[in-house]
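Please keep the sequence and the structure side by side while reading, since the paragraphs below move from the overall layout to individual residues.

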Amino acid sequence: MSSRRTRWSQLALFLCIVPVFCLPATAQDAPEKHGRKYKAPPATSHIEVTVLKKFNGKPISNAAVIFDATMDGKDQGNLEVKTDPEGKATIDVIPTGSTVRVQVIATGFATYAEEYQVTEPSRTITVSMVHPQEQLSSYQDNQGKAATRKPGVQEPVRPTKPAAKPPAPVPTPQTTPQQPPNAPDTAPKQ
């Protein structure tokens, strides 16, 4: 009877251990139920912006090109890229099908801003920068107004010659103090 018990206990032990070792093998085949599904990122477009001076067509280096993208009413963020010596700024992370506001800021030039619909995988944009113009007013005709100030850093005009020095004081001759003629003699006598 004792051998029967040991056999039954060994069999019970074997039946408990075998499923424990088989669980990891079956768990690998089961689909993952936790977490969220993987969603591939949207396709992106290659955008190249060339910044040129309008009056001579030469490139503007180190201009700030700001990309502000929105897609389906959701803000996709904004990025700033500086132009290289050829006046080019490129970016490859804007989702295809989004609306992009391109803003260009360069020293000595009026700020440029325009919205573009990016539907193709590659887009080339050329921006011609102009010098600043007079501030516009909604109360008067603004057509053909030229700038009243020159482009560049606007500082007040200061005189370039040094200020005149004040005249030097005229030296006065040194005199010894004298006693008044009717004053009593206060010097001690010997």
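Which pattern does the chain follow when it is read along the sequence? The order is α-β-β-β-β-β-β-β, and the secondary structure of this predicted model accordingly comes to 1 helix and 7 strands. Of the 190 residues in the chain, 17% are buried, while the chain as a whole exposes about 16200 Å², of which carbon and sulfur atoms supply 56%. Among the contacts with a separation of 6 or more, 51% are accounted for by residues 24 or more positions apart.

The interior can be followed through the largest nonpolar core, which has 21 residues, and in which I47, V49, F67 and V102 touch the most other members. Two or more residues are given to this core by each of the elements β1 (44-53), β2 (64-71), β4 (88-95), β5 (98-105), β6 (112-118) and β7 (122-129). V102 shows how such a residue is surrounded: leaving aside residues up to four places away in sequence, V102 touches V49, V65, I66, F67, Y112, A113, E114, Y116 and I125. Two of these neighbours, V49 and F67, are themselves among the four core residues that touch the most other members.

Strand β1 also holds polar residues that are worth a separate look. S45 has its place in this strand, and S45 counts as buried because its relative accessible area is 1%, where the cut-off for buried is under 20%. The side chain of S45 makes a polar contact with the side chain of T96, at 2.8 Å. Beyond residues up to four places away in sequence, S45 touches I91, D92, V93, I94, T96, V118, E120 and P121.

T50 is likewise found in strand β1, and with a relative accessibility of 10% T50 counts as buried. Its neighbours, again not counting residues up to four places away in sequence, are E86, G87, K88, I125, T126 and V127. I125 therefore appears in the surroundings of both T50 and V102, given that contact means heavy atoms within 4.5 Å.

The helix offers a view of the surface. Is L11, which is found in helix α1 (residues 2-29), buried or partly exposed? L11 is partly exposed, because its relative accessible area of 39% lies between the cut-offs of 20% and 50%. Together with W8 and L15, L11 forms a nonpolar patch on the surface, and these residues have about 360 Å² of accessible area together.

Technical notes: Residues are numbered from 1 along each chain as its sequence is written. This is a predicted model: local features need pLDDT of at least 70, side-chain atom pairs count only at pLDDT 80 or more; totals for chains, interfaces and linings use all residues. Side-chain values use heavy atoms; hydrogens and water are left out. A nonpolar core is a set of buried Ala, Val, Leu, Ile, Met, Phe, Trp, Tyr and Cys residues joined through side-chain atoms within 4.5 Å. Buried means under 20% relative accessible area, exposed over 50%, partly exposed in between (1.4 Å probe, protein chains only). Helices (H or I, at least four residues) and strands (E, at least two) are DSSP runs, numbered from the N terminus. A polar contact is a pair of N or O atoms within 3.5 Å; within protein, one must be able to donate a hydrogen and the other to accept it, and residues adjacent in sequence count only if both atoms are side-chain atoms. Patches are made of residues with over 30% relative accessible area and no salt bridge: like charges are joined within 9 Å, nonpolar side chains (Val, Leu, Ile, Met, Phe, Trp, Tyr) within 5 Å. Accessible areas come from the Shrake-Rupley method with a 1.4 Å probe; for residues, only the protein chains shown count as cover. A salt bridge is a side-chain nitrogen of Lys or Arg within 4 Å of a carboxyl oxygen of Asp or Glu.
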